[in-house]
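These are my notebook entries on one structure. I looked up how its parts are arranged and wrote down each result in turn.

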Amino acid sequence: MPLTFRKSFRILPGVHINKRSWSLTTGGRTGPRRTHSSTGRRTTSMDLPGPFGWRRTTRRGGRR
């Protein structure tokens, strides 16, 4: 049986780390959420009511 490892770990609520970067998420389970990553990626997501599902927009800053 192969061993598997998690790709990311939660340090604190809203703070995740993986082997390449870290990210910080603000907001709750409902309503808007903003995520900032150490690689420069910024994501805004929001759960919409009813059959609309969710919407996400991403900006990439990235290191050059």
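**Entry 1: the first hairpin**

I began with the hairpin formed by strand 1 and strand 2, which has 2 residues between the strands. In its turn, G14 has a positive phi of about 90°. I noted that the model is predicted.

I then looked up the pairing and found that strand 1 and strand 2 are antiparallel, with 4 bridges between them. Within this pair, L12 has V15 of strand 2 as its bridge partner.

Is P13 buried or exposed? I located P13 in the loop between strand 1 (8-12) and strand 2 (15-18). P13 has a relative accessible area of 73%, and because the cut-off for exposed is over 50%, I recorded P13 as exposed. I also checked P13 against T25: the two are 12 residues apart in sequence, and their C-alpha atoms are 8.5 Å apart in space.

**Entry 2: from strand 2 to strand 3**

Next I followed the chain onward. Strand 2 is joined to strand 3 by a hairpin of 3 residues. The two strands run antiparallel and are connected by 3 bridges. V15 appears again here, with L24 in strand 3 as its bridge partner. V15 is thus recorded as a bridge partner of L12 and of L24.

I looked up S23, which lies in strand 3 (residues 22-26). Its relative accessible area is 17%, and since buried means under 20%, S23 is buried. Which residues does S23 touch, once those up to four places away in sequence are left out? I listed G14, V15, H16, T35, H36 and S37.

**Entry 3: the nonpolar patch**

I turned to the surface and found a nonpolar patch made of F9, I11, L12, I17, W22 and L24. Together these residues have about 590 Å² of accessible area. Which strand gives the most to the patch? Strand 1 does, with 3 residues. Strand 1 and strand 3 each supply at least two residues.

I looked at one member of the patch separately. L24 lies in strand 3 and is partly exposed, with a relative accessible area of 36%. Partly exposed is the range between the cut-offs for buried, under 20%, and exposed, over 50%.

**Entry 4: strand 4 and strand 5**

I moved on to strand 4 (residues 32-37), which is joined to strand 5 by 5 bridges in an antiparallel arrangement. Two bridge pairs went into my notes: P32 is partnered with M46 in strand 5, and R34 stands opposite T44 in strand 5. The hairpin of these strands has 3 residues between them, and G40 takes a positive phi near 100° there. I had also recorded a positive phi for G14 in the turn of the first hairpin.

Is S45 buried or exposed? I found S45 in strand 5 (residues 41-47). Its relative accessibility is 13%, so S45 counts as buried. Leaving aside its neighbours within four places in sequence, S45 is in contact with G31, P32, R33, R55 and R56.

**Entry 5: strand 6 and the segment after it**

I checked the pairing of strand 5 with strand 6 and found it antiparallel, over 7 bridges. D47 stands opposite W54 in strand 6.

I then looked up G61, which is found in the segment after strand 6. At 45% relative accessibility, G61 counts as partly exposed. Which residues does G61 touch, not counting those up to four places away in sequence? They are T39, G40 and R41. I also noted that G61 and S37 are 24 residues apart along the chain, with 9.6 Å between their C-alpha atoms.

**Entry 6: the sheet as a whole**

Finally I put the strands together. In what order do the 6 strands form the sheet? The order is 1-2-3-4-5-6, the sheet is open, and the pairing is antiparallel. Strand 1 and strand 6 (54-60) stand at the edges; each has a single partner strand, so one side of each is left without a neighbour in the sheet. From one strand to the next, the twist averages 20°.

As a reminder to myself, I wrote down that strands of a sheet pair through backbone hydrogen bonds, either parallel or antiparallel.

Key. Residues numbered from 1 in each chain as written. Predicted model: local features only at pLDDT ≥ 70, side-chain atom pairs only at ≥ 80, totals over all residues. Heavy atoms only, no water. Buried < 20%, exposed > 50% of the residue type's maximum accessible area, 1.4 Å probe, protein only. Contact = heavy atoms within 4.5 Å. Pairing = 2+ DSSP bridges. Axes fitted to C-alpha atoms, helices over the stretch in contact; angles between N-to-C directions. Patch = residues over 30% accessible without salt bridge, like charges linked within 9 Å, V, L, I, M, F, W, Y side chains within 5 Å. Areas by Shrake-Rupley, 256 points an atom, 1.4 Å probe, with all protein chains shown as cover. Salt bridge = Lys/Arg side-chain N within 4 Å of Asp/Glu carboxyl O.
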